[in-house]
Amino acid sequence: MTVTKEESGQEGADDNGDMSGGGDAYVPSRRRLERERYQRTRARRATAIAALSTLVTAVVLYLVVVGAPGWPRTKETFFSGQYAREAFPKVLEGLWLNVRLLFVCGVAVLVLGMLIAVARTLRGPVFFPLRVLAAAYTDFFRGLPLIINLMIVVLGVPALRLQGVTVDPVLLGGTALTLTYSAYVAEVFRAGIESVHPSQRAAARSLGLSNRQALRYVVLPQAVRRQVPPLLNDLVSLQKDTGLVSIGGAIDAVRAADIIVGRSLNYTPYIVAGLVFVALTIPMTRFTDWVTARMDGRRAQGGTT
Amino acid sequence: MSDAPVLRMESVRKTFGGSVVLRDVDLEVAPHTVTALIGASGSGKSTLLRCANLLEDIDDGAIWLDGEEITDPRTDQDAVRRRIGVVFQSYNLFPHMTVLENITLAPRRVHGVARAEAEERARELLERLGLGARAGEYPDRLSGGQQQRVAIARALAVRPRLLLLDEITAALDPELVGEVLNVVRDLKGDGMTMVLATHEMGFAREVADQVCFLDGGVVLERGTAEQIFGDPRRERTRRFLRRIVEAGRL
């Protein structure tokens, strides 16, 4: 198995015409076979050790948890099968709201974040106020705790009784999330824009592209590509934080759990809601890791920056 | 436009912070001629080219392109750059675009050429530069010499009036230098007006109609290639050339 793997790797790696040993029949030497036999024994031993130590750890953990003095009460309050069954469908129903919020806010955040990032790079005296506003916006909303932002928007704004302004906690909550997250995302985009080497802009300008065209066709595409991993990271974060709109009474996964907890004084529904969020974010984080690894791999292959 | 200079510089001065990079530089480039700028690193060759393309603002003096003063602050700088092609030492290809997209970007977006037409012209150029099969590749799949030839094709795609070449072989492995210089030779044959900053003295001697020796931001000596390389008048020019010969580069 090792043999084929190495050979195909070599073939894929060089297509510059560098001769690699020719195509004649290759017979692994005895030295190599011996080496591989030794490595296989080592690998088998390592697997056995890992399995054993995992088993021991699991048993010890189980005994410690179950044997702890508060375990029966904990189990009843946090891990009640009855309440879990009751809560699960309601939590899932609520989760649909979180997913929709994530989607709508995600799009809004990307658009707004990009606009703010671009506003900060604009040159020329006309844009001075725009630059200052964009900078002030990011400074403010990155520093403001999200929970305070949400309370002001979701609870405070309806208290104004303004005509034509919604009091829907979902819309207001989504607005608050968008305000905060677009500040984060704007900074991610800005870092991306600044990471594109000035020589790229110089090359674009020397072809006669205007400043705006250079930004659109040369700088931004490279900036966005580079920032995909941190952007996905922010989206994972946003996904969790959609749960915070429950403070305004919107019935999302968190609120659905909350209602049952309030009635039963059993905390299992919180655990259920929490696990549902975790289950939702895991694919996303794995996807982020995969994208990041792929991009790093490409760079390591000698891609130009 | 007959024999009036394509590019003219008069008393150009350029400073970076406190240091004077170009001092009182005069230059005239006649149509269909090749001007070579030689001199040690830091003598101001690259800066001179960047000023000619308005990538740098000059502090004093004036520059004309086809008789039009381009250093007038009211000039449309983008319009000036459209008429000048530049090839950089580090290629500066756009890594997120294929070879074909690199070459057609400016014709399509700046000159409003239709996509099919721009691509046809790009393929012609690539064919001429021996890169016909590479149109769909991304730059990082190409060798340095191939990348630099793509960069030349990109600069030529907009049919520039003047081509500026900034030490275009300096980053290349020795065995790749020749393929790029051949392209420049061909361009001279086509009558392209060029200004090149170079360390390839043999090449400068061969293709240049005019050679300028820069030293400390001043054009210390200028003349035909024969005169500068065969019979330099200034002691500093002689010393510079002697060092080059000692290094085996001439």
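Axes are lines fitted to C-alpha atoms, for helices over the stretch in contact, and angles run from 0 to 180 degrees between N-to-C directions. Helices (H or I, at least four residues) and strands (E, at least two) are DSSP runs, numbered from the N terminus. The model is predicted: local features need pLDDT of at least 70, side-chain atom pairs count only at pLDDT 80 or more, and totals for chains, interfaces and linings use all residues. Residues are numbered from 1 along each chain as its sequence is written, while chains are lettered from A and ligands numbered from 1 in the order in which they are written.

**Exercise 1.** Determine how helices H4 and H5 of chain A are arranged and which residues meet.

*Solution.*
1. The axes of H4(A) (residues 81-121) and H5(A) (residues 128-143) come within 8 Å and cross at roughly 130°.
2. Angles under 35 degrees count as roughly parallel, over 145 as roughly antiparallel, 65 to 115 as roughly perpendicular and the rest as oblique. H4(A) and H5(A) are therefore oblique to each other.
3. From H4(A), Ile116(A), Ala119(A) and Arg120(A) meet Leu130(A), Arg131(A), Ala134(A), Ala135(A), Tyr137(A) and Thr138(A) of H5(A); contact requires C-beta atoms, placed from the backbone, to lie within 7 Å.
4. This contact has 6 nonpolar, 1 polar and 2 charged residues (Ala, Val, Leu, Ile, Met, Phe, Trp, Tyr, Cys and Pro count as nonpolar, Asp, Glu, Lys and Arg as charged, and the others, Gly among them, as polar).

**Exercise 2.** Describe the side of chain A that touches chain B.

*Solution.*
1. The contact takes 19 residues from chain A and 19 residues from chain B.
2. On the chain A side, helices H8 (198-206) and H9 (211-226) each supply at least two residues.
3. By class, the chain A side divides into 7 nonpolar, 10 polar and 2 charged residues.

**Exercise 3.** Establish the strand order of the open sheet in chain B, and explain why one side of E2 and of E5 is left without a neighbour.

*Solution.*
1. Strands E1(B) (residues 7-16) and E2(B) (residues 19-29) pair in the antiparallel sense over 7 bridges; pairing requires that DSSP finds at least two bridges.
2. Thr15(B) stands opposite Val20(B) in E2(B). The hairpin has 2 residues between the strands, and Gly17(B) takes a positive phi near 60°.
3. The open sheet of 4 strands has the order E2-E1-E4-E5 in chain B, with antiparallel pairing.
4. E2 and E5 (68-69) of chain B stand at the edges, each with a single partner strand, so one side of each has no neighbour in the sheet.
5. Helix H1(B) (residues 45-52) lies across E1, E2 and E4 (60-65) of chain B, running at about 65° to E2(B).

Note on methods. Two residues are in contact if their C-beta atoms, placed from the backbone, lie within 7 Å.
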